[in-house]
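Student: Hello! I am new to this structure and would like a close look at a single part of it. Could you show it to me first?

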Amino acid sequence: TRRITVHDIAAAKTRGEKWPMLTAYDAMTASVFDEAGIPVILVGDSMGNCHLGYETTVPVTMDEMTILSAAVVRGTKRALVVGDLPFGSYQEGPVQALRNATRLVKDAGVGAIKLEGGERSLPQTELLVQAGIPVMSHLGLTPQSVNTMGYRVQGRSDEAAHKLLRDAKAAQDAGAFAVVLELVPAELAAEVTRSLHIPTIGIGAGAGTDAQVLVWTDMAGLTGGKVPRFTKQYADLRATLGDAARAFAEDVSGGSFPAEEHTFH
Ligand code: KIV
Ligand code: NA
């Protein structure tokens, strides 16, 4: 088996095939998704919320991204692994972006990187692509800008919709191989999808994009508390794991574990 490449992703759009992307933050979970045939796995900076216990994605560091991206690469054989550039690792300019993207490619082994912003991240995208690093762009709601943007649907005004279209075209012209559209109206996401030759990957962006991404802990029901309306929950891992932990605790306090078959003499 060989790894999926950005060329396979481009070919899927030509054939009109829709495809799924999931996040992962560790080798074991990534191996499950890889064996399930998920073609693209994102080591998202959503690890800040979902894996590391931060309130937002803002505190995530390059060290954290590099260690967990390497784990996901080791856990997979076939998927294209995409690593997020975390907040503060590319905003200073293209040289900083190249230095940090190079770390994810060389030290962690990712096949592509993702960064937030269209026109505002143009010089970064151009330099990375020139250097041979495939870039996935991320538009619409960009969680690293939570302190100015908040968490709400983007691109609702005519002006904001035009800006999103401009950003998407700019990312494509700079050489990005795909664009994530987060929390934008379905009609706008479909229009962006039609106007680009590179694939769009939606999250909370309706059914008109070329691909769909979900945060794995949300789609598997592991996240505690409220999950966004755009998420579909395909499993109830939080209840399953809680039940397992409670059953283990009962067995230990009741003396039924370990039993004879778990015991050496
Ligand atoms: O970090 C992440 O999980 C993401 C996806 C929601 C696209 O950026
Ligand atoms: Na992200």
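Student: How many bridges join β3 to strand β4, and in which sense do the two strands run? Please take me through β3 and its surroundings.

Tutor: Happy to! Please keep in mind that this is a predicted model. To your question: β3 and strand β4 (residues 112-116) are joined by three bridges, and the two run parallel. One position to look for is Val82, which stands opposite Ala112 in β4. Between these two strands the chain passes through α5, making a right-handed β-α-β crossover.

Now turn to the other neighbour of β3. Strand β2 pairs with β3 too, in the parallel sense and over four bridges. Here you can pick out Val43, whose bridge partner in β3 is Gly83.

Next, how covered is β3? All five of its five residues are buried, so the strand is largely enclosed by the rest of the structure. It helps to recall that side chains in a regular strand alternate between the two faces of the sheet. On one side of β3 are Leu80, Val82 and Asp84, on the other Val81 and Gly83, and both faces are covered.

What helps us see the surroundings is helix α4 (residues 62-74). Its 13 residues should span 18 Å at 1.5 Å a residue, and the end C-alpha atoms are indeed 18 Å apart, so the two values agree. Buried residues in α4 are Met65, Thr66, Leu68, Ser69, Val72 and Val73. Among the elements that cover them are β3 (80-84), β2 (40-43) and α5 (94-108), and also α2 (27-35) and α3 (47-50).

The crossover helix α5 deserves a glance as well, since we can find Lys106 there. Lys106 has 10 C-beta neighbours inside 10 Å, so it counts as exposed. The C-alpha atom of Lys106 is separated by 17 Å from that of Thr5, and the two residues are 101 apart along the chain.

Let us come back to Asp84 in β3. Asp84 is one of the residues around ligand 1, and others in that group include Asp45, His138, Val180 and Glu182. The shell around the ligand divides into five nonpolar, four polar and three charged residues.

Two of those names lead to another strand, β6 (residues 178-182). Val180 in β6 is the bridge partner of His138, and strand β5 (residues 135-140) pairs with β6 in the parallel sense over five bridges. In β6, too, five of five residues are buried. Ala178, Val180 and Glu182 lie on one side and Val179 and Leu181 on the other, with both faces covered.

β6 also pairs with strand β7 (residues 200-203), in the parallel sense over four bridges. Leu181 stands opposite Gly202 in β7. Together with helix α9 (residues 186-195), β6 and β7 make a right-handed β-α-β unit.

One last stop is Leu183, in the loop between β6 and α9. Its phi is near 50 degrees, a positive value in a residue other than glycine. Leu183 has 20 other C-beta atoms within 10 Å, which means that it is buried.

To gather up the picture of your strand: β3 pairs with β2 over four bridges, is joined to β4 by three, and has buried residues on both faces.

How values were computed:
Residues are numbered from 1 along each chain as its sequence is written. Chains are lettered from A and ligands numbered from 1 in the order in which they are written. This is a predicted model: local features need pLDDT of at least 70, side-chain atom pairs count only at pLDDT 80 or more; totals for chains, interfaces and linings use all residues. A residue is buried if 20 or more other C-beta atoms lie within 10 Å of its own, exposed if 12 or fewer, and partly exposed in between; C-beta atoms are placed from the backbone. Two strands pair if DSSP finds at least two bridges between them. A crossover is right-handed if, with the strands pointing away from the viewer, the path from the first strand over the helix to the second runs clockwise. A residue is near a molecule or strand if its C-beta atom, placed from the backbone, lies within 6 Å of it. Ala, Val, Leu, Ile, Met, Phe, Trp, Tyr, Cys and Pro count as nonpolar, Asp, Glu, Lys and Arg as charged, and the others, Gly among them, as polar. The expected span of a helix is 1.5 Å times one less than its number of residues. Two residues are in contact if their C-beta atoms, placed from the backbone, lie within 7 Å.
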